[in-house]
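Please look over the sequence and the structure shown below before reading on. The report that follows goes from the relation of the two chains to their strands, and then to single residues.

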Number of protein chains: 2
Amino acid sequence: MIIETYPFATAVNEEDLTGKSVVVIDVLRATSVMITALENGAKEIIPVITVKGALQVAKKFKPDSYLLCGERNAVKIDGFDFGNSPLEFSREVVAGKTLIMTTTNGTKALNACRKAKEVYIAGFLNANAVVKKIRDKSEIVLLCSGTNGKFSLDDGLCAGMIMDKLSENGHAVTDDLGHILLKTWQSSKGSLDQTLKNCYHLNVLVENGFEKDVDYCLQKNTHLIVPVYKPDKGNIHV
Amino acid sequence: MIIETYPFATAVNEEDLTGKSVVVIDVLRATSVMITALENGAKEIIPVITVKGALQVAKKFKPDSYLLCGERNAVKIDGFDFGNSPLEFSREVVAGKTLIMTTTNGTKALNACRKAKEVYIAGFLNANAVVKKIRDKSEIVLLCSGTNGKFSLDDGLCAGMIMDKLSENGHAVTDDLGHILLKTWQSSKGSLDQTLKNCYHLNVLVENGFEKDVDYCLQKNTHLIVPVYKPDKGNIHV
């Protein structure tokens, strides 16, 4: 298997991903939210780049059939139903609903996948499930979403975890970035908290009171589903 | 000191670098060529994005006062005086000359620095000299040039070497990418060849007969000069 890795959403353009099988990773917190909400019975998630765009999409739905959710700089958008905290997305509130979601980095990464062949949604929560889904492919792209046009170590370590598991399955050829992310993951095993203590975005979330979100998103393999993004339909579902 | 790090030329835009002090790294081989040529007495280097642009710039110079040099996909450009092999740029041929240079990645990185405050040219060859030049600054950006829109480990390790030396000098705050590059450098010490054996671009160069170039570019601190790029003047000199 040939594995390409990109460090953040704005470091890739749609030509790089055209026709490719892509795994999008935004551990803190967009893809962790998506995995949680769909596991808890949400009907679908529609990722949208802008707040204005999200409000436009909402007009197409019946009242009470959708929820508006998302953040800007980690804070819930004014007037939206939810922010970007996975703990909010319980079965009681999301079951059967369409989630219209706009986040700072994760939805940008999905937007770059417009011409991809297929797109899977990954985090620590479902890393092994993602590996099972993709392990027989000959080529895969791991797209770390990053934070505001910078690489974020939480996404990079999750990519490392996925590559580690894929390499157990057979020969895996990584690119230079993948190589150091795999090494960083392998040397961090069992001490994710320690390895991530310098992670800028994690520290911003903790400073803003989202420590429980961080603890939740760093759990490994608690979820068995792999959400799939369909660029032609513009939505994510299981 | 706050250190920002970017993984490749096309992962940064000029707004990210506006008003910043930037160190551009393209170990294999553009910045190694620049350091070598200027140490050997070249008058200046004019980096140009396109071959056509290089030929246009050449028209402004007297015959025999300039040399056209550069590569596309590691190969010398047809009709140019030199390719991108540092071993070609001896004192005998470059002393007093203006070098008009276009390379695949290094000149793209310099182009992204159009609005930077100041730009230094670095490689393993002059890493310690660069550190001496920048060590009293409060903020610095390390811009790895990469290879064709991908991160390249040779540049990343050189960034790690520079950060390691800067952190000896006092408190250095790295971003997430800088953190893992520093760790990768620290764990690689004394075995650069071993650490770079998976480096894609290095292997491409070796396969294309440029092994001596690679050996040359991986030498540490053989040069004492720090070339400076002046975006307003469009040239690089010592």
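Helices and strands are here DSSP runs, a helix having at least four residues and a strand at least two, and they are numbered from the N terminus. The model described is a predicted one.

**The two chains and the pocket**

Two copies of a chain are related by a rotation about an axis and a shift along it. Here, chain B can be laid on chain A with an RMSD of 0.0 Å by a turn of 180 degrees, combined with a shift of 0.0 Å along the axis. That is the relation of a two-fold axis. Of the residues of chain B, B:Ala11 comes closest to this rotation axis, its C-alpha lying at 2.2 Å. Because 100% of the interface residues of chain B are also interface residues in chain A, the copies meet through the same surface.

The largest pocket has a volume of about 530 Å³. It is lined by 21 residues, and the closest to its centre are A:Lys183, A:Thr184, A:Ser187, B:Lys183 and B:Ser187. Both chains take part in the lining, since α8 (176-188) and α9 (192-195) of chain A, together with α8 (176-188) and α9 (192-195) of chain B, each supply at least two of its residues.

**Strands and their partners**

Strand β1 of chain A, residues 2-6, is mostly covered, with four of its five residues buried. This strand pairs in the parallel sense with β9(A), residues 173-174, over two bridges, and the bridge partner of A:Ile2 in β9(A) is A:Val173. β1(A) also pairs in the parallel sense with β8(A), residues 139-144, over five bridges, where A:Ile3 stands opposite A:Ile140.

In chain B, strand β4 (residues 66-72) is likewise mostly covered, five of its seven residues being buried. The table sets out its two pairings, with one bridge partner for each.

| Partner of β4(B) | Bridges | Direction | One bridge pair |
|---|---|---|---|
| β6(B), residues 98-102 | five | parallel | B:Tyr66 and B:Thr98 |
| β5(B), residues 75-76 | two | antiparallel | B:Glu71 and B:Lys76 |

β4(B) and β5(B) form a hairpin with two residues between them, and B:Asn73 in the turn has a positive phi of about 55 degrees.

**Residues at the meeting of the chains**

Which residues does B:Lys150 contact, leaving aside its neighbours within four places in sequence? They are A:Glu4, A:Thr5, A:Tyr6, A:Asp175 and B:Phe8. B:Lys150 is found in the loop between β8 (139-144) and α7 (153-168) of chain B, and its side chain makes a polar contact of 2.5 Å with the side chain of A:Asp175. The relative accessible area of B:Lys150 is 17%, and because buried means under 20%, this lysine counts as buried.

B:Thr5 lies in strand β1 (residues 2-6) of chain B and counts as buried at 3% relative accessibility. Not counting residues up to four places away in sequence, B:Thr5 touches A:Lys150 from the other chain, and in chain B it touches B:Leu142, B:Met163, B:Asp175, B:Leu177, B:Gly178 and B:Leu181.

**Residues in chain A**

A:Gly53 is found in helix α3 (residues 51-58) of chain A and is buried, with a relative accessible area of 19%. The C-alpha atoms of A:Gly53 and A:Ile100 are separated by 9.6 Å, although these residues are 47 residues apart along the chain. A:Val75, by contrast, lies in strand β5 (residues 75-76) of chain A and counts as partly exposed at 48% relative accessibility. A:Val75 and A:Ser85 are 10 residues apart in sequence and 9.5 Å apart in space, C-alpha to C-alpha.

**Backbone features**

Most residues other than glycine have a negative phi, and most peptide bonds are trans. Against this background, the peptide bond from A:Leu28 to A:Arg29 is cis, with omega near 10 degrees, and the bond from B:Leu28 to B:Arg29 is cis as well, also with omega near 10 degrees. A:Arg29 is found in the loop between β2 (21-25) and α2 (30-39) of chain A, and B:Arg29 lies in the loop between β2 (21-25) and α2 (30-39) of chain B.

A:Asn221 has a positive phi of about 55 degrees although it is not a glycine. This asparagine lies in the loop between α11 (211-217) and β10 (228-230) of chain A and is partly exposed, with a relative accessible area of 29%. B:Asn221 also has a positive phi of about 55 degrees, and at 29% relative accessibility it counts as partly exposed.

Technical notes
Residues are numbered from 1 along each chain as its sequence is written. Chains are lettered from A and ligands numbered from 1 in the order in which they are written. This is a predicted model: local features need pLDDT of at least 70, side-chain atom pairs count only at pLDDT 80 or more; totals for chains, interfaces and linings use all residues. Side-chain values use heavy atoms; hydrogens and water are left out. Buried means under 20% relative accessible area, exposed over 50%, partly exposed in between (1.4 Å probe, protein chains only). A polar contact is a pair of N or O atoms within 3.5 Å; within protein, one must be able to donate a hydrogen and the other to accept it, and residues adjacent in sequence count only if both atoms are side-chain atoms. Contact means heavy atoms within 4.5 Å. Two strands pair if DSSP finds at least two bridges between them. Copies are superposed by least squares on the C-alpha atoms of residues with pLDDT of at least 70 in both. On a 1 Å grid over the protein atoms alone, a cavity is a set of points where a 1.4 Å probe fits but cannot get out, and a pocket is an open set with protein on both sides within 12 Å along at least five of seven lines; lining residues have an atom within 4 Å of a point. Grid points are joined across faces, edges and corners, and a volume is the space filled by probe spheres set on the points.
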